[in-house]
Amino acid sequence: MNKFLEKIFGYRGYRIIIPLIDLSVIYGSYILSFYLLKDSLDNFTLNYNAFWSSLPFIIISYLVLSHIYELDKPKDFTFFGVGYTVALALGSLLFITMAISFFIREFAFPRSILLLSTLFQLIAITIWHLFASRMYFRVNKGKSVLVIGYEKSQALAYKLLESRGMWSRIKHVCSPRYSKVYDLIDDCDITFLTEDVEESLKQEIILYCIEKDHTVLYQPKNLEILQFNSDFLQIDDSPVLDVRELGLSQGSETTKRIIDVILSSISLIILFIPFVFIYLALKIGGGTAFYVQERVTRDNKIFKIYKFRTMVEDAEALSGPVLAQDTDKRITKLGHILRTTRLDEIPQIFNILVGDMSIVGPRPERPFFVEQFSKEIPEYNLRHRVKAGLTGLAQVQGKYNTSVQDKLKYDLLYINGYSLALDIKLIMQTLNILLRRNSTQGVKSVQELGDEIESLTRR
């Protein structure tokens, strides 16, 4: 029974079976809606044929949307969290289905069927995904983990423990030079390698894991990320990799700018009323409504970024530049709400319109910290090969308190793997991160993570 569950709710099985069951639910909800409303339809046969004509497009659209909103991956969310993600996907599917029925001239597809079936889908798919996610973590959480590394091994171990997810059952932490490292690998189900492991030792351990069919994961170095998406070339009979130039082509820059202007203009119209209400609330509460700060964008150009004020006035007057903390007394009550909902970012639409920022890109940092991080991390300035963004891969996949080193990795992955499809995906996924509390947390010190790591074997 356990092996059967592992096949269904394992990583590979999850990504195949879950979308198939989702599609079955979507199809069943349409059939049920037609059955319940058959007496109220003007022409049942014509309406039903319109549904069948649209069905292939609905299937393709949902598969794309489920991948964009990562419904094909397990989520350790609450019922509301899962429901929110499902609602985003199904809401998008509803509008797409209406557009499809228009373009293929199937005007007989009843709106009543669309709305009722969407309601059924929302309830059924939410319950199904909540159950499937719980089963995924139950099946996979029992796997033991070995962390191999030097100084960075403890930080990774803390991160795995803090996640409370499927990789949180850490059994050993050791150095790659430990004499019995291969015995520990055999004793655990999953092995993690930190990025400070020497290349020669890393290759030896990875080869050993591959030969033993053992799961191994490793943290990539910044320079390794630049080799992702390299083009394969052949010189005589020798295979070589052509490492791409880091940055966007002129055509991509132009397309990106056009989309920035169009979407930010639409957003300005939609968010005008919330903009006015927030502005008035901040002015009535006393103090300035806007917070203006210098940030760094492409080619290390300094610009002024605009945000709604979320902290007390002159929060850094005495301390100087300080990163937001996990528990930050400088943030006002209204500021907490604005940060959680990301509404404090609305004024940055003006930064996008004037060309200082893009909708998607690395988040802009202050010159003080750019100088500091550049000294500590030689590759840090590579993130300035593109315009700073309102949202980005680091914001969607990471957290507010994700380390600078890990955020840089996400930024380099975004720049190196840039595509218009990736931008669209990240824009849509940004809506999804609003439900994650930890997406707006400040930086957290290692000491706050608890003493769980102390009980692990350190060699």
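I will go through the overall make-up of this chain, then one pair of helices, and then the cysteines.

Please keep in mind that this is a predicted model, in which local features need pLDDT of at least 70 and side-chain atom pairs count only at pLDDT 80 or more, while totals for chains, interfaces and linings use all residues. Residues are numbered from 1 along each chain as its sequence is written, and side-chain values use heavy atoms, with hydrogens and water left out.

To begin with the whole chain, there are 17 helices and 11 strands, taken as DSSP runs numbered from the N terminus, with H or I over at least four residues for helices and E over at least two for strands. Of the 459 residues, 45% are buried, meaning under 20% relative accessible area with a 1.4 Å probe, protein chains only.

Now to the helix pair, H3 (residues 44–68) and H4 (residues 79–103), whose axes come within 10 Å and cross at roughly 150 degrees; the axes are lines fitted to C-alpha atoms over the stretch in contact, with angles running from 0 to 180 degrees between N-to-C directions. On the H3 side, the residues that meet H4 include Phe 57, Ile 58 and Leu 65, and on the H4 side they include Leu 90, Leu 93 and Ile 96, where contact means heavy atoms within 4.5 Å.

Finally, the cysteines: the structure holds 0 disulfides, a disulfide being a pair of cysteine sulfur atoms within 2.5 Å. For Cys 188, the nearest cysteine sulfur is that of Cys 174, 8.8 Å away. Cys 188 counts as buried, at 4% relative accessibility, and Cys 209 is buried too, with a relative accessible area of 0%.

Technical notes
Buried means under 20% relative accessible area, exposed over 50%, partly exposed in between (1.4 Å probe, protein chains only).
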